[in-house]
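Here are a few exercises to work through with the model open beside you. Try each task before you read its solution.

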Amino acid sequence: MVNLFAKNEQNMNAVERVLHYTELPSERAEATPDDPPMNWPSSGQISFTNVDLSYREGLPLTLKQVNFTINPGEKVGIVGRTGAGKTSLLQALFRIVELQNGKIEIDGIDISNIGLSVLRRSIALVPQDSTLFLGTMRNNLDPQGLRTDAELIAVLQRALLLPSEGTTDAAAEAKFSLDCTVGDEGSNFSAGEKQLLALCRALVKNSPIIVLDEATSSVDVETDAKLQRTIKKEFAHSTLLCIAHRLNTIVYYDRVLVMDGGRVAEFDTVLNLYDNESSIFRSLCNEANLQRADILRIRAEQRQYS
Ligand SMILES: Nc1ncnc2c1ncn2[C@@H]1O[C@H](COP(=O)(O)OP(=O)(O)OP(=O)(O)O)[C@@H](O)[C@H]1O
């Protein structure tokens, strides 16, 4: 009796949690009559105008009067100290949190007026902690079943998880075959492998806007370098936003956006920012011991792979 009573009490936690979910405020509509056509966004221009964001009523603003425009196909690194508001920019872009003021436009369409599912399926995200679920590799990569097996295998090869055409690697082929089982929350994969699989999902989505949130922070330096080359090649025509953990992963990007205290402090090319000795970017480079010569070398290396 005592055992049963204790067990019942424990199980009631689940009931309490479900009840809590039913009381959460709902997100806005999944679809609206004003939704843009299926081919939106076609160019991938993103603009933030006077964006203010606060996580909850009564909390201070996390993003304050954020203004910037990212051109179609541009590669932009987002950097800043811990708590500067980098991830909050993404929360605003995906409308995980709604804006207090201002607007965000993608290809000239104000995203606050469109359905959430349209918005979220249009932007590919490679998050810090990607979620995998119990099922096959095929289901995890392409839950909606939009791609053929050959396309999915090609994606795994492009992300360097499967050996390229003509070479063999039995271990990799066993682990990353389309029919292999992915454990709950990806329990049979390392953090780095999970990030690579998240990159595969972005490749499967084939969106003109790709967002990487410190996407390669859990892989070793050599794999990271290879991945950066893959990203550069595979997303050559996409608009790419990358929240960068390691500065050397974004020094070959077109521009760098430096966040500071919830505001855009700097937004310019890597070399312009580096050459300004009083810039925050320069101080971040100094702390990471990244010299001008290193930046030029990395940029030259990446050009070889374009
Ligand atoms: N869910 C949340 N609820 C309330 N405040 C939050 C929430 N998430 C972030 N914040 C606050 O917003 C501010 C900016 O956080 P954000 O995660 O955007 O910073 P960041 O630049 O991405 O930092 P890091 O480099 O550490 O990831 C921080 O002060 C943080 O405490």
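**Exercise 1. Compare the expected span of helix 1 (residues 2-22) with the distance between its end C-alpha atoms, then decide whether the helix is buried or in the open.**

Step 1. Helices here are DSSP runs of H or I with at least four residues, strands are E runs of at least two, and both are numbered from the N terminus. This is a predicted model, in which local features need pLDDT of at least 70, side-chain atom pairs count only at pLDDT 80 or more, and totals for chains, interfaces and linings use all residues. Residues are numbered from 1 along each chain as its sequence is written.

Step 2. The expected span is 1.5 Å times one less than the number of residues. For the 21 residues of helix 1 that gives 30 Å, and the end C-alpha atoms are 31 Å apart, which agrees.

Step 3. A residue is buried if 20 or more other C-beta atoms, placed from the backbone, lie within 10 Å of its own, exposed if 12 or fewer, and partly exposed in between. The number of buried residues in helix 1 is zero, so the helix lies largely in the open.

**Exercise 2. Find the residues around the ligand and sort them by class.**

Step 1. Count a residue as near if its C-beta atom, placed from the backbone, lies within 6 Å of the molecule. The shell is then Tyr55, Thr62, Gly80, Thr82, Gly83, Ala84, Gly85, Lys86, Thr87 and Ser88.

Step 2. Ala, Val, Leu, Ile, Met, Phe, Trp, Tyr, Cys and Pro count as nonpolar, Asp, Glu, Lys and Arg as charged, and the others, Gly among them, as polar. The shell has two nonpolar, seven polar and one charged residues.

Step 3. Helix 2 (residues 86-93) supplies the largest share, three residues.

**Exercise 3. Look for unusual backbone geometry at Pro41, Asn50 and Arg95.**

Step 1. Most residues other than glycine have a negative phi, and most peptide bonds are trans.

Step 2. Trp40 and Pro41 are joined by a cis peptide bond with omega of about -5°. Pro41 sits in the loop between helix 1 and strand 1 (46-53).

Step 3. Asn50, in strand 1, has a positive phi of about 45°. Asn50 counts as exposed because it has 12 C-beta neighbours inside 10 Å.

Step 4. Arg95, in the loop between helix 2 and strand 4 (101-106), has a positive phi near 55°. With 17 C-beta neighbours inside 10 Å, Arg95 is partly exposed.
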